[in-house]
Amino acid sequence: MKNLNSIIILLAVVFTFSRCSEDAYDSKYADPGKASTTTLDKLMSGTMLYANDFYCSTYGRYFGYDPQKVSKQANSLGFTLEGGIYYRDEGYGDYGEPYGNYPYMVTNLRKMEQLYEALPDDEKPANEAYLLAAETHLYGMMIYLLSSYGPIPYTEIGQVALTGDIAYASPHFEDDKVTWKTILDRLGVIAGKFATGIKPAAFAGQDFVNGGDMEAWQRYANSLRLRGALHISTNGDLTSYGQGIIKEILGNPSAYPIVEDNSQNIDIARQTSGPLNIEGGSGFDWHNLQTASAELINRMQKAGDGGEWVPGQDDPRLPLMFCLATKNGEQPVETAAEEVVANPLKEGKAVATVYRGASANSDYDTFQEYFFTRLTRGYYSRVRRFGFFYGNQNWPHQCITAYEMHFIKAEAIQRGWVSGDAKAAFTEGIKQSIKFLFSIHNTRSRTEADNGDSDYLNGIQQRTVIDPDQSVYNDDWITAFADARWNTKIDGSSYGGGNLEAILDQKWVAFGYLNSAEQWSDLRRTGYPRMYYEKDHDPTAPYPYPYNRFRYVDSERNYNANFQTEAAPHDNCSEVLFWAIADWHDGPKW
C-alpha cells in the first residue's frame, strides 16, 4: 500500500480551481501557449477528484448511492423490505451518484487536452502523462456508467467551454457500442504510452492515485481495459471484440501487465485533510444500511444464515465483514470489550452468537418485527464497525484489486478464450481476497475495544466478536478451501452452472459490499451467482423488480434538450442493455 500523506500540496486549492467558471479559466489562460507545466499537473488532480464518488467511500456513496440503490440490485447488503425496496427514494438514491460529476470531469479533461495541444511540440512528451492519467481515471468511471445506463453523452461534453458554441449545451446521447470501443481502444493506446513515455517532473507530487509510478499507471490502464472487455464479451454485438482484447492482454502478460498482487492494487490513500479526507465507509451510519446480506452469509458459512461460525471450516472473511447477531433476536447485553466468543451459548445471557442476514425472500411481517422493532434489532448481523472498512481511517479506497483480475483470468480460461489453469487462477483470487482483508483489518485505525458506546447497536453488539486467528489461514489452508469451493458450495451442494458459477460465486463473495457495481454487472452479464429476488410488497411501487439498468439522472432528464428524443424512449428500468441478459435472477421479473 502506498503512503501518500505528503503528496498533493495545494490539493484542496486545486479542487476549488477545477470547478471554476469558464471566465476564470479564460482570465488565467488568455494565452494557452504560455501555460506552464504546473497547469496540467494541477488540472490532472482536479479532474481526477471528480471521480471520488465512484472510487472512494464518500459520504454520498455509502449514505445514499451504494446501499440504497446499487447494493439492492447486487444483493450484497441486506434488504430493508419497506416500500420501494429496489429504489426506496430517488433523492437518496441519486445522492452520491457518480453520474452527477461526470460532465465536470469530462469538461476538465477537454480543457487539459486544449492546453496540452497548445504546448510547443518539444514540450508535449514531458507533459503527456498528466493527460493520460486523468483520461484513464475517467474511463474507469465511464465503464461503470455505460454498464449502468447504456448510451451516454461523451464527445460533445465540454465543447461549450472550449468553443463558446452554445449548440453543444445539450450534448447528444451516443451509441454505447461506439463509446465502448472508443474507451477500450484508447486504454490500449494509453497503456502503451505509459510503458514508454516520459515521467513528468511534477507527476509524483500531484498524482494521488499512483504517486507518479508510470508502471502502476500501465497496470491500471490494462486492468481497466480487461474489466471493460469482460463486460461486453459474453452477449451482444461486441463479443468477439471484447474477447479479442481479453486474449491480447492475458495472452501476453509481459507486454500487457495487469494488477496481480495486493502490493500492486490501485488505490487512493486517505489524506488527513482536504477532499481526500475520507475514512472507510464514510456515511455508512444508518442502521438499515448496514444490514448483512443473507445471500452473502449463506456463501461463507456451512451452517448458513443464522448459524454459528466454525473456525478452520467457514470463510475467514465473514467475521471481518459482519458483527454477530443474537441467537433468537434478543437485545444484546454488555460483555467484555473485544470478547472472543469461545463458547457462544452463554446461559442466561443474550450474547450475540450467530451470523444472520436479511434476504429478499424474507417474509415481510417477520422482517418488520425483527428489523424495525428496536428491542429485537439484534436479530440481524450488521457491517462491522471499526473493522477493516467501516470507520477505518486507514482504508485505501480501491480502484483495481488483484483478486478481481485473477477471477477475470479464471473465467477467461474456463470459457476457453485463453490457455492456462482456471482453477489455479480461481485459487489465487480467493487467496488475494483473504489476504487483502486481513492486511487491512490488522492495520485499522481503531478496534471495537475503542468504542465505548453503550447503545447495543453501536457498542455491545459490535464488541461481541469472533476474532479469527490469521495464522490458521495460510496458503495451504486457502488452497484446500479453494479446492472445495471449486466443485461445491460451502454447504456441500453443487453449483448448477459448474466451475463457471464457482468462479463468479467466489468473485461476488470477494467483492462483498465493496464493489456492488461490478457484482451487478456480472449478475446481469452471466446470471451467476444465481439468487432469488422478491417483488416489492407495495402494489403501487414504480420499480417492483430488480433493475436491468438505471434511469438517467435528473440533470439529463430536466436539462438536456436531446433527452426526450434520444434517451427517454429507453429510460426505464426494464430495458436490457446490449451486453446483458434478461433472465439473470430467480423470482418475478419485468
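# Exercises on a predicted model

Leaving aside neighbours within four places in sequence, T155 is in contact with R110 and E174. The exercises below concern a predicted model.

## Exercise 1. The surroundings of T155

Task: State where T155 lies, and decide whether T155 is buried, partly exposed or exposed.

Solution.
1. T155 belongs to the loop that runs between α8 and α9, the latter spanning residues 159–163.
2. The relative accessibility of T155 is 42%. Buried means under 20% and exposed means over 50%, so T155 counts as partly exposed.
3. V106 is 49 residues away from T155 along the chain, and the C-alpha atoms of the two are separated by 8.9 Å.

## Exercise 2. The packing of α8 with α10

Task: Describe how helix α8 and helix α10 pack, and list the residues that meet.

Solution.
1. Two packed helices are described by the angle between their axes and the distance between the axes.
2. For α8 (residues 128–149) and α10 (residues 176–196), the angle is about 145° and the axes are 10 Å apart.
3. The crossing of α8 and α10 is left-handed.
4. On the α8 side, the contact involves E128, A129, L132, A133, E135, T136, Y139, M142, I143, L146 and S147. On the α10 side, the partners are D176, T179, W180, I183, R186, L187, I190, K193 and F194.
5. Sorted by class, the contact of α8 with α10 holds 12 nonpolar, 3 polar and 5 charged residues.

## Exercise 3. Two partners of α21

Task: Determine how α20 and α18 are each oriented with respect to α21.

Solution, first for α20.
1. Helix α20 (residues 475–487) packs with helix α21 (residues 498–511) at an angle of about 125°, and their axes are 7 Å apart.
2. α20 and α21 are therefore oblique to each other.
3. R485, W486 and N487 of α20 meet N499, A502, I503 and Q506 of α21.
4. This contact of α20 with α21 comprises 3 nonpolar, 3 polar and 1 charged residues.

Solution, next for α18.
1. The axes of α18 (residues 422–441) and α21 come within 10 Å and cross at roughly 10°.
2. Angles under 35 degrees count as roughly parallel, so α18 is roughly parallel to α21.
3. F426, I430 and S433 of α18 make the contact with A502, I503, Q506 and A510 of α21.
4. The contact of α18 with α21 has 5 nonpolar, 2 polar and no charged residues.
5. Comparing the two lists, A502, I503 and Q506 of α21 appear in the contact with α20 and also in the contact with α18.

## Exercise 4. The bend in α5 and the residue after it

Task: Locate the bend in α5, and describe the backbone and burial of N75.

Solution.
1. α5 bends by about 55° at D66, and the proline P67 follows within four residues.
2. Of the 16 residues of α5, 15 are buried, so α5 is largely enclosed by the rest of the structure.
3. N75 follows α5 and is found in the loop between α5 (59–74) and α6 (90–93).
4. Most residues other than glycine have a negative phi. The phi of N75, in contrast, is positive, near 65°.
5. N75 has a relative accessible area of 1% and is buried.

## Exercise 5. Further backbone features in loops

Task: Describe the backbone at F386 and at the bond joining Y528 and P529.

Solution.
1. F386 is in the loop between α16 (364–372) and β5 (397–400).
2. F386 has a positive phi, near 60°, and is a residue other than glycine.
3. With 6% relative accessibility, F386 counts as buried.
4. Most peptide bonds are trans. The bond joining Y528 and P529, however, is cis, with omega about -5°.
5. P529 is placed in the loop between α22 (516–526) and α23 (554–559).

## Exercise 6. E518 and the chain as a whole

Task: Decide whether E518 is buried or exposed, name its contacts, and summarise the chain.

Solution.
1. E518 is in helix α22.
2. The relative accessible area of E518 is 5%, and E518 is therefore buried.
3. Apart from neighbours within four places in sequence, E518 is in contact with R227, H231, E404 and F511.
4. The chain contains 24 helices and 6 strands, and 61% of its 590 residues count as buried.
5. Among contacts in the chain with a separation of 6 or more, 78% are between residues 24 or more positions apart.

Technical notes: Residues are numbered from 1 along each chain as its sequence is written. This is a predicted model: local features need pLDDT of at least 70, side-chain atom pairs count only at pLDDT 80 or more; totals for chains, interfaces and linings use all residues. Side-chain values use heavy atoms; hydrogens and water are left out. Axes are lines fitted to C-alpha atoms, for helices over the stretch in contact, and angles run from 0 to 180 degrees between N-to-C directions. A crossing is left-handed if the near helix is turned anticlockwise from the far one by less than a right angle, and right-handed if clockwise. Contact means heavy atoms within 4.5 Å. Ala, Val, Leu, Ile, Met, Phe, Trp, Tyr, Cys and Pro count as nonpolar, Asp, Glu, Lys and Arg as charged, and the others, Gly among them, as polar. Angles under 35 degrees count as roughly parallel, over 145 as roughly antiparallel, 65 to 115 as roughly perpendicular and the rest as oblique. Buried means under 20% relative accessible area, exposed over 50%, partly exposed in between (1.4 Å probe, protein chains only). The bend at a residue is the angle between axes fitted to the seven residues ending there and the seven starting there.
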